[in-house]
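This report covers a sheet and the helices that pack on it. The structure comes first.

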Amino acid sequence: MAKLYFKYGAMGSSKSAQALITKFNYEEKGLKVWLIKPSIDTREDLEVVSSRIGLRAKCTPISPETSIWAEFENRIAQKIDVIIADESQFFTAAQIDDMRRIVDELQVPVLCFGLRTDFRTHLFEGSRRLLEVADKFIEIKNICECGRKAIVNARIDDNGNVITEGEQVLLGGDERYTAMCHKCWKKAIKES
């Protein structure tokens, strides 16, 4: 029975690496994977999912206006066995609903990897919808510098201070974000 999975974690928890390893594992068994990501993720090559440890694979970028259902229907002849979606927090609610429909109507499993919340601990649109409709939730754990579980994607300015103002989406990696536990995040906000 196909399922919709949401595998989430804080920044730096190796979500993209796990998505790429999962892709490799499916393909090693001779199964066809459709790897997708939102086109908003322009940090590197638009048509590549990459991880901090150097894993990379070609993907299909999906714009916010694109119907994932329609795109999948265009690929029916390719006999896709599984969809793996990276940076799923950036998909629209309608796109998450398309993935849900693919699982329900076509029995194709969909594995979504992404952040649960932004730098202010607010849900992203895609993450919110996944929490509402996914069959299975798997937390990919990361740790704070203090050793506790990291749950906050703290945004940092050029001076290393934690900031809580700004647009929800600001692309960046270790130079712009750090994973923290809630206690250390609150402490860092007070000290900034």
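In this predicted model, helix α3 (residues 93-106) lies across β1, β5, β6 and β7. The helix runs at about 150° to β7. Helix α1 (residues 15-28) also packs on the sheet, where it touches β1 (4-8), β2, β6 and β7 (110-114). The direction of α1 makes about 155° with that of β7.

| Helix | Residues | Strands contacted | Angle to β7 |
|---|---|---|---|
| α3 | 93-106 | β1, β5, β6, β7 | about 150° |
| α1 | 15-28 | β1, β2, β6, β7 | about 155° |

**The sheet**

How are the strands ordered? Six strands form an open sheet, in the order β5-β2-β6-β7-β1-β8. Their pairing is parallel. β5 (60-62) and β8 (136-139) are the edge strands; each has a single partner, so one side of each lacks a neighbour in the sheet. On average, neighbouring strands are turned by 20° against each other, direction ignored.

One pairing can be followed in detail. β2 (residues 33-38) and β6 (residues 82-85) pair in the parallel sense over four bridges. Tryptophan 34 stands opposite isoleucine 83 in β6.

**α3 against α4**

Helix α3 also meets helix α4 (residues 125-133). Their axes come within 8 Å and cross at roughly 35°. The crossing is right-handed. Which residues of α3 meet α4? They are Ala93, Ile96, Asp97 and Arg100. On the α4 side stand Glu125, Gly126, Arg129, Leu130 and Val133. The residues of this contact divide into four nonpolar, one polar and four charged.

Terms used:
Residues numbered from 1 in each chain as written. Predicted model: local features only at pLDDT ≥ 70, side-chain atom pairs only at ≥ 80, totals over all residues. Heavy atoms only, no water. Pairing = 2+ DSSP bridges. Helix = DSSP H or I, 4+ residues; strand = E, 2+ residues; numbered from the N terminus. Axes fitted to C-alpha atoms, helices over the stretch in contact; angles between N-to-C directions. Contact = heavy atoms within 4.5 Å. Left-handed = near helix turned anticlockwise from the far one by under 90°. Nonpolar A, V, L, I, M, F, W, Y, C, P; charged D, E, K, R; others polar.
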